[in-house]
Structure formats: C-alpha cells, structure tokens
Number of protein chains: 2
Amino acid sequence: MTEKILASWKDGPARQAIVDFVTAVTTPGPAFVEPADRIATFDNDGTLWVEQPLPPQFDFVFRTWAQEVKDDPSLASQQPYKALIERDPDFFAGLGSQDPKVVETLLEAFTRSWAGTTPEEFDAQVREWTGTAKHPKLDVPYRELVYRPMLELFELLQANGFRVFVCSGGGRDFMRVLAEDTWGILKENVIGSAAAYTYADGKLVRSRELLGSLDLGSGKPEHIFAHTGRLPVFAGGNADVDIEMLQSARFALLVNHDDDEREFSYTRGAEASLAKAAESGWAVVSMKNDWATVF
Amino acid sequence: MTEKILASWKDGPARQAIVDFVTAVTTPGPAFVEPADRIATFDNDGTLWVEQPLPPQFDFVFRTWAQEVKDDPSLASQQPYKALIERDPDFFAGLGSQDPKVVETLLEAFTRSWAGTTPEEFDAQVREWTGTAKHPKLDVPYRELVYRPMLELFELLQANGFRVFVCSGGGRDFMRVLAEDTWGILKENVIGSAAAYTYADGKLVRSRELLGSLDLGSGKPEHIFAHTGRLPVFAGGNADVDIEMLQSARFALLVNHDDDEREFSYTRGAEASLAKAAESGWAVVSMKNDWATVF
C-alpha cells in the first residue's frame with residue numbers, strides 16, 4: 001500500500017486496524033475473503049456526514065412541511081408540524097432514542113409528503129435542496145459536510161475488491177440522489193427506509209405504504225441480506241441503531257463524535273454502541289484524534 | 001465491435017437490433033445513455049434457461065415436499081402436495097396463467113418449506129440440487145440448460161458499461177446461488193420474489209412472510225426501481241408476466257420458444273407479450289432461427 005491511502009487519517013489504532021484488516025482479507029491465508037463476499041456497508045447520518053443538530057433530511061422535509069401547513073393550517077396543531085413551528089428540539093430528540101410514537105408520527109408525515117410523486121419529481125426536489133440548503137451552524141452546503149476520511153476509506157475498500165453499500169435508516173430515495181452526486185456510490189448500492197412505489201400506466205408513483213421494515217437496528221442486517229444476499233465483511237456506523245449491522249460484520253468501525261471544534265461532540269444515541277465497541281474490540285474512530293481533516 | 005460478440009447468434013433482425021441499440025446508447029448523440037443509467041434486466045425462467053415442463057425451481061421444491069408428505073401424511077390430500085403425488089400437470093399449468101388461487105397455494109407451501117432455515121442451510125440445499133438434478137426430457141443437469149446466447153448478451157452489455165440484473169418471479173435466494181455459480185452474476189444483482197428474514201441473536205432466519213410483493217407483472221418494474229433506483233434501459237423476457245418490465249425499458253427483447261427440436265415450442269403464457277411485441281416493435285428472438293447454439 002502506498003502512502004497516499006487514507007491520507008486524511010492520522011496514524012493511530014483506528015487507521016492501523018483498517019489497514020491490517022484489509023491486508024489480511026486480501027492476502028492468501030486464514031483470514032482471506034473471497035472477492036464475491038467482499039461487501040462493505042456504512043450507515044449514513046453521523047457516519048458519512050453531519051447529523052447534528054438533526055439529520056439533514058429533516059432540513060429537506062421541513063421546507064415541504066412548512067408549505068403543507070400553509071396549504072392546510074389545521075396541520076399546525078398536529079405533530080410533527082407543531083414541533084417544527086415551535087422549534088421544539090425535544091420532540092425530534094425522540095428520534096435518537098427511537099421513541100416509537102415519535103418515529104410513527106414522523107413516518108406518517110414523511111410518507112404523506114411525497115405520496116403521488118414520481119421518482120423524477122422527487123429527485124428534482126432533492127437536487128434543488130442540495131443546491132441551496134446550508135447547515136445552520138457550520139454555514140456551508142450540506143453536501144460539503146461529507147467526511148473526507150470516509151470517502152478515502154471507500155476508495156481503499158473498492159481498490160481491494162469490496163463493493164461499498166450505504167445502509168441507513170434515512171430515506172433511500174433521498175440518499176440515492178446524494179450517493180451518486182456526492183459519494184460516488186451508484187443508486188443501486190444504497191439501502192434505506194423506503195416507500196413502496198406502484199407501477200401503472202407506464203409510470204412509477206410513490207405510495208403512502210412503507211416497503212418492508214425501517215432500516216434500523218436488526219432491520220439493517222435484514223435489509224443488507226435482502227439487497228445483497230450476504231452479511232457485510234466490513235461495516236461502519238456511529239449509533240445504537242447500527243449495533244446489529246456492526247455485530248453482523250467481520251470488522252466493525254464506530255465513529256465517535258468527540259470533536260466539538262470542527263464538528264460536534266455528543267454521545268446521545270450512541271451510548272450502547274460505544275459500550276459494545278469496548279466489549280467487542282471494534283475499531284473506534286475518534287474524530288478529534290484520528291482524522292487530520294474532517295471535510 | 002469485433003466478430004466475436006454474440007457468437008451464438010445468427011445474423012438477422014434480432015441480433016442487428018441489439019447491436020444497433022448498444023451502439024446508439026454508447027455513442028455521443030441523441031440516443032446516448034449516461035453510464036450510471038445503463039441498467040439491463042432479464043427475466044430468468046424461459047429467458048435465461050429452460051422453463052418447460054415446469055420452472056426448474058419446482059423440481060427443487062418437489063424433493064422437499066415429498067419429504068414433508070412422508071413426515072406428515074395428512075398433507076397428501078392437500079394442494080399442492082396432492083397434485084405432485086398425482087402428477088397433475090393441470091394444477092401447475094395455473095402458474096402460467098397466474099391463477100391467484102394456485103399462486104397462493106404454492107406460495108403457502110414454498111414459504112412453509114423453508115421457514116426457520118438460515119441462508120447457509122438454504123444455499124447448501126440449492127447446491128446439492130444443482131449438483132444432482134437432471135432435466136426430465138433433455139437428460140442433462142439443469143445448470144447446463146442456460147442459454148448460451150443470453151450469456152453472450154450479458155458479456156456484450158457489460159463490455160458496454162451496463163450493469164446486468166436478473167429479475168424474476170422465481171425465488172430470489174434460489175436464483176442467487178445459480179447466478180454466481182452459473183451466470184457469473186453477483187448475488188446482489190438478482191431481484192426476485194423472497195421471504196423476509198429476521199435477524200436475532202446474531203443469526204438470520206427465514207420467516208414465513210413474503211417480503212413485499214411477488215416479482216411478477218407490474219411487480220417487476222416496482223422491484224427493479226426499489227433495488228436499483230432506476231427503470232431498465234434494456235430488458236429481456238419471454239412471457240406475459242414480463243410485459244410491464246419490457247414496457248418500462250427503452251429496448252425490449254422477447255424470447256419466443258419456437259424450437260421443438262433443441263428445446264420446446266409453446267406460446268402458452270406468452271400470447272399477450274407476443275401481441276404486445278408486434279404492436280410495440282420489440283425485438284423478438286426466434287430460438288429456432290436466431291440462435292445458432294442454444295446451450
């Protein structure tokens with residue numbers, strides 16, 4: 001391996017563990033992994049890009065919800081529209097802890113917003129957002145808030161015969177637009193929570209039904225297997241909802257958000273995964289100490 | 001293009017239409033298709049391999065059902081076990097016409113057979129079958145009954161930047177084993193009807209629930225979009241249940257089984273697709289006239 005790989009990573013146990021693992025699985029010997037089995041899967045929010053103060057998809061949907069409240073003022077007294085208008089962070093914090101009532105309410109609103117749209121219409125809405133929306137604290141477009149060290153990790157894995165998939169609880173169709181434009185990952189390599197589409201009269205239209213389960217927790221290895229026919233050899237995540245995916249992989253990488261200066265410092269929603277990492281010997285990435293460059 | 005491409009195809013309108021289309025979509029001009037959009041999808045039974053007298057997956061499941069009847073003789077009076085014991089072709093013919101009652105009864109039996117198995121157990125059963133099972137009329141292993149001209153078409157498409165997917169009403173997990181071993185297609189490029197799996201205690205186990213809809217009719221473009229984020233540019237099929245997939249593609253290829261000498265001659269279950277092909281100008285492949293070699 002040349003010096004150029006993982007250029008934004010500082011020397012340290014995380015970088016070393018990655019390089020050692022990739023070398024072992026591609027070298028004939030007991031840890032060798034057949035090329036067909038080399039699947040790598042990564043969570044998105046907080047693993048590939050910033051997820052504070054809220055996953056960016058919320059910024060995207062808030063614009064739609066604001067318009068919906070304008071069109072139908074009776075929504076203003078209902079959740080999640082009420083929380084949006086009152087800027088109530090506690091309501092959305094329920095997301096991190098996977099409060100079922102909050103998740104259900106949000107899901108209902110998400111599916112309502114885009115029922116009836118075609119893929120082309122939805123993609124255009126996402127592209128309009130990525131072209132204009134900025135992060136409230138960091139004041140740069142969200143699309144620039146992708147972690148450069150993770151893109152370099154994709155390159156290293158792909159150069160070693162891995163197929164890289166994104167696997168996130170977030171909206172599959174939202175991520176697919178970003179995936180090709182920003183991460184260099186084809187749409188078909190993005191796995192996520194999704195609405196069912198109906199094909200009729202030569203047209204695909206989004207329904208209000210969820211397709212299968214949410215891509216969170218044990219849903220992650222389930223979705224990964226359904227999509228790829230395999231469980232991952234390499235997996236990366238940053239939160240408690242990633243635990244099952246990380247457990248299902250041969251090598252697990254957990255991103256720890258401890259860099260309040262360049263990004264954010266928090267462990268909320270990641271307490272169990274950090275404990276599990278210590279217990280299971282997963283590679284933990286300190287954003288502060290392991291990454292020379294974040295973006 | 002060199003002379004070696006599509007070597008088992010005779011010169012004729014089908015071969016010419018394929019070559020013209022592939023040239024047009026890869027040449028700068030009005031028909032050019034961006035590499036990211038180059039998705040090709042193919043039905044399996046009757047398009048990639050023999051589907052008469054029954055799709056080969058039935059031969060596979062019949063062995064399991066025979067064992068189940070031995071273990072529980074009360075099943076012998078119920079469908080589909082009764083039809084299997086009585087060798088009743090009329091019952092299974094309901095499949096071709098998509099009789100909902102037949103499909104439901106079969107689905108119930110299929111899901112019952114493998115509920116509780118792990119992916120490793122199921123793959124081993126498929127590999128044991130492919131290693132031993134022979135076609136009743138052609139007397140060769142099923143795995144040798146893949147159409148060589150279609151594998152050459154895969155090569156041509158892949159050489160021109162297409163990602164090739166198999167998309168069939170058949171069992172996704174059954175096809176995935178064959179896909180890598182026989183067609184050179186990775187498991188993640190196989191789309192099909194599938195059971196949901198549950199991940200618990202570090203293990204994936206097959207449930208009795210179907211994951212989403214059957215991958216037939218309008219289900220095909222729905223499954224293709226869910227899996228890839230796109231509709232196909234090139235699609236190949238051979239039956240009425242492929243019509244929607246073929247309609248959703250820029251270029252549609254329909255295999256017509258008119259070769260009783262080397263394979264089978266039939267139009268049952270393909271009447272509407274043949275009419276649609278004539279109406280829409282799809283490329284129709286005559287197995288008898290367009291293929292110099294079948295297997």
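Which residue of chain B comes closest to the rotation axis? In this predicted model, that residue is Gly212(B), with its C-alpha at 3.1 Å from the axis. The axis relates chain B to chain A. A rotation of 180 degrees, with 0.0 Å of shift along the axis, superposes chain B on chain A. The RMSD of this superposition is 0.0 Å. The relation is therefore that of a two-fold axis.

The contact between the chains was examined next. Chain B contributes 28 residues, and chain A contributes 28 residues. On the side of chain B that touches chain A, four elements give two or more residues each: α8 (172–183), β4 (195–200), α9 (219–228) and α10 (243–247). The largest share comes from α9(B), which supplies six residues. By class, this side of chain B has twelve nonpolar, nine polar and seven charged residues. Of the interface residues of chain B, 100% are also interface residues in chain A, so the copies meet through the same surface.

Strand β4(B), one of the elements on that side, shows an alternating pattern of side chains. Ala195(B), Tyr197(B) and Tyr199(B) point to one face and are buried. Ala196(B), Thr198(B) and Ala200(B) point to the other face and are not buried. The partner of β4(B) is strand β5 (residues 203–210) of chain B. The two strands run antiparallel and are joined by five bridges. Within this pairing, Tyr197(B) stands opposite Arg206(B). Thr198(B) has Val205(B) as its bridge partner in β5(B). One residue of each pair thus belongs to a different face of β4(B), because Tyr197(B) points to one face and Thr198(B) to the other. The hairpin of β4(B) and β5(B) has two residues between the strands. There, Asp201(B) takes a positive phi near 50 degrees.

The corresponding strands of chain A were also examined. Strand β4 (residues 195–200) of chain A pairs with strand β5 (residues 203–210) of chain A. The pairing is antiparallel and extends over five bridges. Tyr199(A) has Leu204(A) as its bridge partner in β5(A). Two residues lie between the strands of this hairpin, and Asp201(A) has a positive phi near 50 degrees.

Helix α1 was considered in each chain. In chain B, α1 covers residues 13–25 and has 13 residues. From first C-alpha to last, α1(B) reaches 18 Å, close to the 18 Å expected at 1.5 Å a residue. Its buried residues are Ala14(B), Arg15(B), Ile18(B), Val22(B) and Val25(B). Seen down the axis of α1(B), these residues fall within an arc of 115 degrees, so they line one face of the helix. Gln16(B) and Thr23(B) are exposed on the other side of α1(B). The buried residues pack against three elements of chain B: α7 (148–159), β8 (283–286) and α12 (287–290).

In chain A, helix α1 covers residues 13–26 and has 14 residues. At 1.5 Å a residue, α1(A) should span 20 Å. Its end C-alpha atoms are 20 Å apart, which agrees. Ala14(A), Arg15(A), Ile18(A), Val22(A) and Val25(A) are buried in this helix. They cover an arc of only 115 degrees around the axis, which puts them on the same side of α1(A). Their packing partners in chain A are α7 (148–159), β8 (283–286) and α12 (287–290).

Two further residues of chain A illustrate other helices. Ala275(A) is in helix α11 (residues 271–280). Ala275(A) counts as exposed because it has 12 C-beta neighbours inside 10 Å, and the cut-off for an exposed residue is 12 or fewer. Ala275(A) and Asp240(A) are 35 residues apart in sequence. In space, their C-alpha atoms are 9.8 Å apart.

Val103(A) is in helix α5 (residues 100–114) of chain A. With 16 C-beta neighbours inside 10 Å, Val103(A) counts as partly exposed. Val103(A) and Phe92(A) are eleven residues apart in sequence. Their C-alpha atoms are 9.2 Å apart in space.

Conventions. Residues numbered from 1 in each chain as written. Chains lettered and ligands numbered in written order. Predicted model: local features only at pLDDT ≥ 70, side-chain atom pairs only at ≥ 80, totals over all residues. Contact = placed C-beta atoms within 7 Å. Nonpolar A, V, L, I, M, F, W, Y, C, P; charged D, E, K, R; others polar. Expected span 1.5 Å × (residues − 1). Buried ≥ 20, exposed ≤ 12 C-beta atoms within 10 Å, placed from the backbone. Arc of directions from axis to C-beta. Pairing = 2+ DSSP bridges. Least-squares fit on C-alpha atoms with pLDDT ≥ 70 in both.
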